[in-house]
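Colleague: I should like to learn how the features of a protein model are read. Could we take them one at a time, with the general idea before the particular case?

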Amino acid sequence: MIDMTEWQISDEEGGRLAARWWQWAQSAPEDRGPVADTTGEHAGWQQPDDVWFLAGTYGGRVVRRCEIPAGRPLFLPVLNRCHTKAHSRTPLGLEIARARAYLNGGPIPFRRFTTQPFRMDDRMYLSWGIWAAVTPLLPGQYVLEIDAASTGGFHVDTTYHLTAAPV
């Protein structure tokens with residue numbers, strides 16, 4: 001059994017990580033974007049040194065295979081949303097119909113985080129989301145599954161086949 005209780009993050013840290021995730025996810029050229037990637041080929045796009053971001057999806061079913069560094073914590077969206085501050089001065093959320101995340105069949109705890117305004121593409125943004133923070137994995141094979149939907153019909157069904165490789 002994998003211990004999922006070690007990486008406890010505050011609301012403030014979760015909000016900062018969510019803003020960093022959006023900046024990372026949107027920084028890639030369109031042909032190498034980790035969110036649009038359907039295979040996992042671009043999962044390593046400019047990953048930071050202190051955390052490994054797993055990409056969300058634009059909706060629907062996606063199966064990705066990728067190698068991640070063992071010993072680095074993971075941060076990933078279960079459901080999330082981002083908008084310009086000009087659109088709304090407060091983060092806009094989604095009504096959740098279901099939200100589940102599993103690592104090797106065991107549930108992954110997740111929490112809601114909102115961001116402070118952050119800069120991206122020369123504009124200010126805000127985001128809301130349900131995020132999972134996973135403790136560093138030992139070397140080995142893992143299956144991470146996300147199944148979530150909003151009441152408005154948006155849904156994600158993502159499976160990651162992860163190889164945590166020694167650094």
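Modeller: Let us begin with strand pairing: two strands pair if DSSP finds at least two bridges between them. Helices (H or I, at least four residues) and strands (E, at least two) are themselves DSSP runs, numbered from the N terminus. Here, strand β4 (residues 96–103) pairs with β5 in the antiparallel sense, over two bridges. Within that pairing, Leu 103 has Gly 106 of β5 as its bridge partner.

Colleague: On what basis do these statements rest?

Modeller: This is a predicted model, in which local features need pLDDT of at least 70 and side-chain atom pairs count only at pLDDT 80 or more, while totals for chains, interfaces and linings use all residues. Residues are numbered from 1 along each chain as its sequence is written, and side-chain values use heavy atoms, with hydrogens and water left out.

Colleague: How many helices and strands does the protein have, and what pattern do they follow along the sequence?

Modeller: The protein has one helix and 10 strands. Along the sequence the pattern reads α-β-β-β-β-β-β-β-β-β-β. The radius of gyration is 15 Å, close to the 15 Å given by the globule rule for 167 residues, so the protein is as compact as a globular protein of that length. That radius is taken over C-alpha atoms, and the globule rule is 2.2 Å times the number of residues to the power 0.38. The C-alpha trace spans about 45 × 30 × 30 Å along its principal axes.

Colleague: In what order do the strands of the open sheet lie?

Modeller: Five strands form an open sheet in the order β2-β10-β9-β4-β5, with mixed pairing. Its edge strands, β2 (60–69) and β5 (106–107), each pair on one side only.

Colleague: How is burial read, and what fraction of the residues counts as buried?

Modeller: Burial is judged by relative accessible area: buried means under 20%, exposed over 50%, and partly exposed in between (1.4 Å probe, protein chains only). Of the 167 residues of the protein, 50% count as buried. In strand β3 (residues 74–84), nine of the 11 residues are buried, so this strand is largely enclosed by the rest of the structure.

Colleague: With which strands does β3 pair?

Modeller: Strand β1 (residues 52–53) and β3 pair in the parallel sense over two bridges, and Trp 52 stands opposite Leu 74 in β3. β3 also pairs with strand β8 (residues 123–134), in the antiparallel sense and over 10 bridges. There, the bridge partner of Arg 81 is Trp 128 in β8.

Colleague: Which residues are in contact with Asn 80 and Arg 81?

Modeller: Contact means heavy atoms within 4.5 Å. Asn 80 is found in strand β3 and counts as buried at 17% relative accessibility. Leaving aside neighbours within four places in sequence, Asn 80 is in contact with Trp 21, Trp 22, Leu 94, Trp 128, Gly 129 and Trp 131. Arg 81, also placed in strand β3, is partly exposed, with a relative accessible area of 30%. With neighbours within four places again set aside, the contacts of Arg 81 include Trp 22, Leu 92, Leu 126 and Trp 128. Arg 81 and Gly 129 are 48 residues apart in sequence, yet 6.1 Å apart in space, C-alpha to C-alpha.

Colleague: How much of the contact network in the protein joins residues at least 24 apart?

Modeller: Among contacts between residues at least 6 apart in sequence, 65% join residues at least 24 apart.

Colleague: How should a backbone phi angle be read?

Modeller: Most residues other than glycine have a negative phi. Asn 104, which is not a glycine, has a positive phi of about 50°. Asn 104 lies in the loop between β4 and β5 and, at 44% relative accessibility, counts as partly exposed. Asp 121 likewise has a positive phi, near 55°. Asp 121 lies in the loop between β7 (118–120) and β8 and is exposed, with a relative accessible area of 54%.

Colleague: Is Pro 107 buried or exposed?

Modeller: Pro 107 is found in strand β5 and is exposed, with a relative accessible area of 58%. The C-alpha atoms of Pro 107 and Ala 18, 89 residues apart along the chain, are separated by 21 Å.
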